[in-house]
Amino acid sequence: MPTPTTIISCLLAFLAAASTGDGATTTTHLHFYIHETFSGDNATTASLAPSPLAVAGSNSSSSFGSVGALDDELREGSDSASRYLGRVEGLVVQADLGNPAAAWTLLTLAFAGGDYNGSTLVLDGRVDFGAGGDMERAVVGGTGRFRRARGYSLMTKFGNPTPNTGVFEMDVYVTTMA
């Protein structure tokens, strides 16, 4: 029967072999703009399920429980003609009974071109529409150049170029293993 010292030594050897290196990390700051179209033939957002509380004939204006999807453009600048970087794909769930309600969001930034072509970043977090200011989400993972990513993003509304479109400015601070 192995001794406790032997078991601990084997465990430490296994953990050392499973290590991914010296633990060095690299932090990257990404800055870009999200272009969203709310309605029309080229809409990049869709309502998937209405709130069960706002049924026909009800006086409730609650959006609690509603679910939406988005597939927005990721661009280098605030102008819609700026360099295309990829897509922002995700889900928005009204998960707060307040008014205005906060939402839970899960977003995938899918890069198409440049240094990050084929890579993704996954963002998760609560967005409080009534709070104003920056909307912060956690970076919870990624693929390609962003494998094992962690960090955070800050997003602000930049403007509405037309009544049917919105532009958001986003900064992402992402840390990966070097």
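Tutor: A salt bridge here is a side-chain nitrogen of Lys or Arg within 4 Å of a carboxyl oxygen of Asp or Glu. The model is predicted.

Student: By this rule, what does the count of salt bridges come to?
Tutor: Side chains of opposite charge can pair when their charged atoms come close. Applying the rule to the protein gives a count of 6.

Student: What is the N to O distance in the salt bridge of Arg87 and Asp71?
Tutor: The pair links distant parts of the chain, with Arg87 in strand E4 and Asp71 in strand E3, 16 residues apart. Asp71 is partly exposed, at 34% relative accessible area. The N to O distance of the bridge is 2.9 Å.

Student: Is Arg126 buried, or is Arg126 exposed?
Tutor: Arg126 forms a salt bridge with Asp128, at 3.8 Å from N to O. Its partner Asp128 has 33% relative accessibility and counts as partly exposed. Exposed means over 50%. Arg126 has a relative accessible area of 51%, so the residue is exposed.

Student: Which residues do salt bridges with shared partners join into one network?
Tutor: The Arg87 and Asp71 bridge was described above. Shared partners extend the picture to a network. Its members are Asp71, Glu73, Arg75 and Arg87.

Student: Why does Arg83 count as partly exposed?
Tutor: Arg83 meets Glu76 in a salt bridge of 3.2 Å, N to O. Glu76 is partly exposed, with a relative accessible area of 43%. The class in between runs from the buried limit of 20% to the exposed limit of 50%. Arg83 counts as partly exposed because its relative accessibility is 46%.

Student: How do the elements of the protein run from the N terminus on?
Tutor: The protein has 1 helix and 9 strands. The helix comes at the start of the order. The run is α-β-β-β-β-β-β-β-β-β.

Student: Among contacts between residues at least 6 apart in sequence, what percentage join residues at least 24 apart?
Tutor: Contact means heavy atoms within 4.5 Å. Of the contacts in the protein that pass the 6-residue limit, the share joining residues at least 24 apart is 47%.

Student: What percentage of the 178 residues is buried?
Tutor: Buried means under 20% relative accessible area. Under that cut-off, buried residues make up 32%.

Student: Which element gives the most to the lining of the largest pocket?
Tutor: The largest pocket has a volume of about 490 Å³. The elements giving two or more residues to its lining include strand E1 (25–37), strand E3 (67–75) and strand E8 (150–159). With 4 residues, the top contributor is E3.

Student: Which residues lie nearest the centre of the largest pocket?
Tutor: The pocket is lined by 23 residues. By class, the lining has 13 nonpolar, 5 polar and 5 charged residues. Nearest the centre are Glu36, Val92, Phe129, Met155 and Phe168.

Student: Which residues is Pro52 in contact with, leaving aside neighbours within four places in sequence?
Tutor: Pro52 sits in the loop between E2 and E3. Pro52 is exposed, with a relative accessible area of 55%. From Pro52 to Phe64 is 12 residues in sequence and 7.6 Å in space, C-alpha to C-alpha. The contacts of Pro52 are Phe64 and Gly65.

Student: Which residues does Ser63 touch, not counting residues up to four places away in sequence?
Tutor: Ser63 is also in the loop between E2 and E3. At 28% relative accessible area, Ser63 is partly exposed. Leu97 is 34 residues away from Ser63 in sequence, with C-alpha atoms 7.8 Å apart. Ser63 touches Ser51, Gln94 and Ala101.

Student: What is the phi of Arg148?
Tutor: Arg148 lies in the loop between E7 and E8. At 48% relative accessibility, Arg148 counts as partly exposed. Arg148 is not a glycine, yet its phi is positive, at about 65 degrees.

Student: Over which residues does pLDDT stay under 50?
Tutor: The protein averages a pLDDT of 87, and 84% of the residues score at least 70. One stretch stays under 50, and for it the model has 0 contacts beyond four places in sequence. That stretch is residues 10–19.

How values were computed: Residues are numbered from 1 along each chain as its sequence is written. This is a predicted model: local features need pLDDT of at least 70, side-chain atom pairs count only at pLDDT 80 or more; totals for chains, interfaces and linings use all residues. Side-chain values use heavy atoms; hydrogens and water are left out. pLDDT is the predictor's confidence in each residue, from 0 to 100. On a 1 Å grid over the protein atoms alone, a cavity is a set of points where a 1.4 Å probe fits but cannot get out, and a pocket is an open set with protein on both sides within 12 Å along at least five of seven lines; lining residues have an atom within 4 Å of a point. Grid points are joined across faces, edges and corners, and a volume is the space filled by probe spheres set on the points. Ala, Val, Leu, Ile, Met, Phe, Trp, Tyr, Cys and Pro count as nonpolar, Asp, Glu, Lys and Arg as charged, and the others, Gly among them, as polar. Buried means under 20% relative accessible area, exposed over 50%, partly exposed in between (1.4 Å probe, protein chains only).
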